[in-house]
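Colleague: I would like to learn how to read a model like this one, feature by feature. Where do we begin?

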Amino acid sequence: MGRKPWLRLVTVAGLALALLALATEAPRAARGDAFVARIDLDGPIGPAAAEYVDAAMRQASADGASAIVLRMDTPGGLAESMRRIVSAILASPLPVLGYVAPAGARAASAGTYILYACPIAAMAPATHLGAATPVSLGGGTPLPLGGTQPASPKSTGTPTSGEPAGDAENRKVLNDAIAYIRSLAQLHGRNAAWAEQAVRGASTLTAGEAASQHVIDFVAADTAALLAQADGRSVRLGERALTLQLRGLPVRDYPPDWRARFLGIVTNPTIAYLLLLAGVYGLILEAFHPGTYLPGVTGGICLLVGLYALQLLPVNYAGLALMALGVGLLLAEAFVPTAGVVGIGGVIAFVIGSIMLFHRGVPGYTVNLGVIAGLAVCAVAVLAMLLRLVSRARRARSVVGDEPMLQASGELLQAVAAGGESWARIGGERWRVHCEVALPAGARVRVAARHGLLLQVTPVQTNKGERP
């Protein structure tokens with residue numbers, strides 16, 4: 001009888017597993033039906049966006065999708081992340097339909113390269129693309145795309161005698177970008193001349209202009225119209241040709257998973273900046289108050305996550321060094337007061353470094369100036385409070401050592417004989433005292449000397465006629 005509850009439990013568990021298997025089998029059977037996967041590429045193109053697009057395209061291919069719609073609305077981003085997305089599109093076994101939507105969206109800068117890489121390129125009405133001039137950050141950081149810095153049409157990428165090394169490097173970067181987008185245009189038979197102008201002169205086009213100049217294939221009002229107009233078109237995927245049959249197919253969205261969302265949050269420049277500061281100040285608090293643990297553990301985690309985000313972002317290391325110098329100078333002001341000179345210099349270095357930390361020419365990769373201003377105001381307030389405390393401490397009367405004790409007075413708790421010892425209350429404390437003259441209990445005395453824990457006292461002078 002004692003085993004029956006266990007048998008019932010095993011039976012129920014088996015039935016639950018069977019039901020779970022049936023529930024998971026139904027979606028698998030549905031995956032055999034034809035459908036189109038839709039991936040949304042919104043916001044700046046960075047490491048998080050590249051990882052999300054790559055993983056979503058792989059998952060769509062594994063699920064048996066017939067095609068992928070890559071819906072874009074981006075101001076641009078980093079070249080390294082853009083190239084990863086382009087490589088994923090070119091290596092995809094499924095046809096990718098690049099679609100700039102909804103109305104008011106754009107495929108600027110890096111988005112133009114991605115749209116050119118797609119076998120089918122389309123735009124919704126009231127959208128635009130272009131402005132794909134690269135902007136170099138220098139210092140070995142990832143190259144962003146964006147800006148409006150045209151180069152000379154005669155640049156060849158070969159430095160001439162007397163040409164600055166920086167100009168030669170910029171010419172090489174520009175020519176490399178031009179060759180890259182021309183190769184994508186030639187791959188799908190699109191307007192390569194305008195693609196070069198988008199890179200060299202930051203040209204832009206609206207959806208209608210792009211369709212008329214053969215930069216895109218057509219204009220579609222929504223996803224259903226996109227699939228209907230793409231139906232029957234022939235595209236090349238590597239060495240094979242494929243005729244699209246997409247009209248009326250259902251669309252399945254592939255949102256970013258938890259990892260992509262987490263990377264999107266921590267690689268936000270403002271979030272990475274705050275994580276870095278929280279980590280530094282958390283470790284500083286732990287150093288000042290050892291054994292607290294919470295500031296140290298939290299600061300260590302924030303610092304490591306912030307550093308991980310920084311190595312994925314286009315960081316200016318001069319700005320990072322100035323921020324570190326600013327924090328160091330503020331700490332130095334706390335230990336070696338210099339009337340605020342070092343502290344003010346630390347605040348200035350910290351603010352300048354914060355502004356320089358990320359390149360302001362890259363869309364979406366700047367720290368919010370309001371956050372920097374708020375932190376600067378807080379630093380100034382802390383510095384002012386520190387200077388006030390230091391000034392007050394310098395003006396305060398000393399409360400340690402023999403000097404303040406020699407100025408104290410009190411009253412006897414017990415009568416004392418001449419040359420004897422007794423007890424007195426001095427400064428709110430009970431002290432053993434020695435007096436050369438006899439005094440009654442309650443007499444006022446003043447400390448004349450101190451010998452360890454024994455005080456030498458004398459009677460306080462009183463007015464004539466008063467009893468001491």
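Modeller: With the labels. Helices (H or I, at least four residues) and strands (E, at least two) are DSSP runs, numbered from the N terminus. Take Pro 102: its place is in the loop between strand S4 (96–100) and strand S5 (106–108). Keep in mind that this is a predicted model.

Colleague: How many helices and strands does the protein have?

Modeller: There are 15 helices and 18 strands. The protein has 468 residues, and 41% of them are buried. Take the contacts between residues at least 6 apart in sequence: 63% of these join residues at least 24 apart.

Colleague: Back to the loop. What is the peptide bond from Ala 101 to Pro 102, cis or trans?

Modeller: The general idea comes first. Most peptide bonds are trans, and most residues other than glycine have a negative phi. The bond from Ala 101 to Pro 102 is cis, with omega near 0°.

Colleague: Which sign does phi have at Ala 126?

Modeller: Positive, about 65°, although Ala 126 is not a glycine. This residue sits in the loop between strand S6 (120–123) and strand S7 (128–130). Ala 126 is exposed, as its relative accessible area is 61%.

Colleague: And what is phi at His 214?

Modeller: About 60°, so again read the sign: His 214 has a positive phi and is not a glycine. The loop between helix H7 (207–212) and S10 holds His 214. Its accessibility puts His 214 in the partly exposed class, at 42%.

Colleague: Where is Ala 221?

Modeller: In the loop between strand S10 (218–219) and helix H8 (223–230). Exposed means over 50% relative accessible area. Ala 221 has 60%, so it is exposed. Exposure does not rule out contacts: leaving aside residues up to four places away in sequence, Ala 221 touches Tyr 99 and Pro 125. Its C-alpha atom is 8.3 Å from that of Pro 102, although the two are 119 residues apart along the chain.

Colleague: Is there a strand case to set beside it? Which strand holds His 451?

Modeller: Strand S17 (residues 444–451). His 451 counts as exposed, at 53% relative accessibility. From its C-alpha atom to that of Val 433, 18 residues away along the chain, the separation is 9.9 Å.

Colleague: Now helices. Which residues of helix H9 are buried?

Modeller: In H9 (residues 258–266) they are Ala 260, Leu 263 and Val 266. Look down the axis of H9: these buried residues fall within an arc of 135°, so they line one face of the helix. On the other side of H9, Trp 258 and Ile 265 are exposed.

Colleague: What covers the buried residues of H9?

Modeller: The cover includes helix H2 (47–63), helix H10 (269–288) and helix H11 (294–310).

Colleague: At what angle do the axes of H10 and H11 cross?

Modeller: Roughly 150°, and they come within 7 Å. Over 145 degrees counts as roughly antiparallel, so H10 and H11 are roughly antiparallel to each other. Their crossing is left-handed. The contact includes Ala 272, Gly 279 and Glu 286 of H10 and Gly 296, Gly 299 and Leu 303 of H11. By class, the H10 and H11 contact has 15 nonpolar, six polar and one charged residues.

Colleague: How do the axes of H10 and helix H12 lie?

Modeller: The axes of H10 and H12 (residues 317–335) come within 13 Å and cross at roughly 30°. That makes H10 roughly parallel to H12. H10 passes H12 in a right-handed crossing. Among the residues in contact are Tyr 273, Leu 277 and Phe 288 of H10, with Leu 320, Met 323 and Phe 335 of H12. This contact has 13 nonpolar, no polar and no charged residues.

Colleague: One more pair. How do the axes of helix H3 and helix H4 cross?

Modeller: At roughly 10°, and the axes of H3 (residues 79–91) and H4 (residues 110–117) come within 9 Å. H3 is therefore roughly parallel to H4. On the H3 side the contact is made by Met 82, Ile 85, Val 86, Ile 89 and Leu 90. H4 contributes Ala 110, Tyr 113, Ile 114 and Ala 117. The classes are nine nonpolar, no polar and no charged residues.

Note on methods. Residues numbered from 1 in each chain as written. Predicted model: local features only at pLDDT ≥ 70, side-chain atom pairs only at ≥ 80, totals over all residues. Heavy atoms only, no water. Buried < 20%, exposed > 50% of the residue type's maximum accessible area, 1.4 Å probe, protein only. Arc of directions from axis to C-beta. Contact = heavy atoms within 4.5 Å. Axes fitted to C-alpha atoms, helices over the stretch in contact; angles between N-to-C directions. Parallel < 35°, antiparallel > 145°, perpendicular 65-115°, else oblique. Left-handed = near helix turned anticlockwise from the far one by under 90°. Nonpolar A, V, L, I, M, F, W, Y, C, P; charged D, E, K, R; others polar.
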